[in-house]
Amino acid sequence: MQTTRRPVAIVTGASSGLGRGYAERFAARGHDLALVARRADRLEELADALRTAHGVQVDVIPADLADALAPQRIADEVAARGLRAEVLVNCAGFGTAGAFAGEDAARIAQEIAVDVTAPTLLARIFLPDLLAADGGILLMVSSIAGHQPTPNLAVYGACKAYVTSLTASIWEENRGSRMRVLAVCPGPTATEFFEASGSEQFKVGRVGTVDEVLDASFAALDARRGPVVTVGWGNRIQSVAAKLAPRRLTLRVGRTATERAGRTA
Ligand SMILES: NC(=O)c1ccc[n+]([C@@H]2O[C@H](COP(=O)([O-])OP(=O)(O)OC[C@H]3O[C@@H](n4cnc5c(N)ncnc54)[C@H](OP(=O)(O)O)[C@@H]3O)[C@@H](O)[C@H]2O)c1
């Protein structure tokens with residue numbers, strides 16, 4: 001279909017927390033937007049606020065990313081509305097917690113669909129548009145949980161390790177292009193994440209703010225740094241230590257930390 005509008009920034013998970021923050025920052029920078037999440041009422045309310053505050057055009061595309069067909073449906077909807085992506089922020093996500101043996105298989109399947117399958121397919125589907133755009137950006141929201149195995153957050157940590165790995169490979173493969181590619185790895189951050197994920201075991205260490213994550217993300221994008229930015233000094237030191245320490249020690253420390261976070265909640 002012929003494109004009739006300015007290219008847009010597509011933001012998944014825009015109904016809450018970090019995704020909402022990315023949508024606000026991109027709107028403030030003058031980008032038109034397409035907002036994706038399940039809660040359409042929240043997306044509509046944000047869309048109205050962004051149109052009023054920044055004079056940008058905002059589309060709302062409600063979707064459940066646990067549905068394997070959702071990424072292609074979103075792409076079809078984007079095309080049907082005459083939109084073209086110049087920015088893709090894959091931010092939607094949630095985690096499961098507790099010992100792996102006690103995890104619910106159906107919930108894990110949703111987690112992998114939302115945290116791994118959907119961002120992978122959306123990145124692949126929209127990559128040609130991001131590469132063709134003047135200021136193409138692929139921003140993948142990962143986590144420090146992906147820097148090392150995370151006992152008691154086993155699937156979540158593995159999902160985020162995948163996201164960081166995938167993003168780094170895409171970064172290298174497209175090094176000579178104009179597109180910027182970045183995996184953002186926040187530590188625990190004050191959003192609805194803990195409530196949505198139903199566990200305090202994610203609160204290992206200091207809980208930072210959404211603005212800290214956004215500031216680190218845009219500083220890295222503006223400086224064309226990549227492929228990975230870890231948010232905050234403490235988290236950066238922790239991730240280096242986890243890589244240098246013997247694996248069994250890292251696992252023991254991680255297990256103790258998640259158990260303690262669960263108890264002190
Ligand atoms: N907060 C933290 O401590 C932290 C730390 C590191 C990384 N992260 C990552 O940051 C990202 C954003 O999380 P957040 O902290 O902003 O949490 P949040 O406030 O709970 O927001 C999560 C977003 O994901 C969307 N989402 C969840 N399941 C979805 C589904 N099935 N289909 C479509 N959208 C779905 C939610 O929208 P709907 O419910 O409306 O669908 C919501 O907009 C996630 O990828 C998370 O893993 C968070």
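In this predicted model, the lining of the largest cavity draws at least two residues from each of helix 4 (105–132), strand 5 (137–141) and helix 5. Helix 4 accounts for the largest share of that lining, with four residues, and the cavity that these elements help to enclose has a volume of about 70 Å³. The lining comprises 13 residues, of which Asn90, Cys91, Ala92, Val114 and Pro119 are the closest to the centre of the cavity. Sorted by class, nine of the lining residues are nonpolar, two are polar and two are charged. The structure holds one cavity of 30 Å³ or more. As general background to such a description, a probe the size of a water molecule, rolled over the atoms, shows where empty space is left.

From this cavity the view can widen to the whole protein, which has nine helices and seven strands. Its radius of gyration is 18 Å, close to the 18 Å that the globule rule gives for 265 residues, and the protein is therefore as compact as a globular protein of that length. Taken along the principal axes, the box filled by the C-alpha atoms is roughly 55 × 40 × 30 Å.

Helix 5, already met in the lining of the largest cavity, also leads to the ligand, since helix 1 (17–28), helix 5 (154–173) and helix 6 (193–197) each give at least two residues to the shell around the ligand. Helix 6 gives the most to this shell, with three residues. There are 31 residues around the ligand, and those that come nearest are Ser15, Ser16, Arg38, Tyr156 and Thr191. By class, the shell divides into 16 nonpolar, ten polar and five charged residues.

Which atoms of the protein lie 2.8 Å from an oxygen atom of the ligand? One is a backbone N or O atom of Leu18, and another is a polar side-chain atom of Arg39. For Thr191, an N or O atom in the side chain is 2.6 Å from an oxygen atom of the ligand. On its own the ligand has 880 Å² of accessible area, and the protein covers 97% of that area.

A further site to examine is the second largest pocket, which has a volume of about 200 Å³. It is lined by 17 residues, and the closest to its centre are Arg206, Gly208, Val231, Gly232 and Asn235. The elements that contribute two or more residues to this lining are helix 7 (210–222) and helix 8 (233–244), with helix 8 giving the most, namely four residues. The lining of this pocket divides by class into six nonpolar, nine polar and two charged residues.

Two points of backbone geometry complete the tour. Most residues other than glycine have a negative phi, and most peptide bonds are trans. Against that background, the peptide bond from Gly226 to Pro227 is cis, with omega near 5°, and Pro227 is located in the loop between helix 7 and strand 7 (228–230). Helix 7, which bounds that loop on one side, is one of the elements that supply residues to the lining of the second largest pocket. The other point concerns Asn152, which is not a glycine and yet has a positive phi of about 75°. Asn152 lies in the loop between strand 5 and helix 5, two elements that each supply at least two residues to the lining of the largest cavity, while helix 5 also supplies at least two residues to the shell around the ligand.

Terms used: Residues numbered from 1 in each chain as written. Predicted model: local features only at pLDDT ≥ 70, side-chain atom pairs only at ≥ 80, totals over all residues. Heavy atoms only, no water. 1 Å grid on protein atoms, 1.4 Å probe; cavity = no way out; pocket = protein on both sides within 12 Å on 5 of 7 lines; lining within 4 Å. Points joined across faces, edges and corners; volume = space filled by probe spheres on them. Nonpolar A, V, L, I, M, F, W, Y, C, P; charged D, E, K, R; others polar. Near = heavy atom within 4 Å. Polar contact = N/O pair within 3.5 Å; in protein donor to acceptor, adjacent residues only side chain to side chain. Areas by Shrake-Rupley, 256 points an atom, 1.4 Å probe, with all protein chains shown as cover. Rg over C-alpha atoms; globule rule 2.2 N^0.38 Å.
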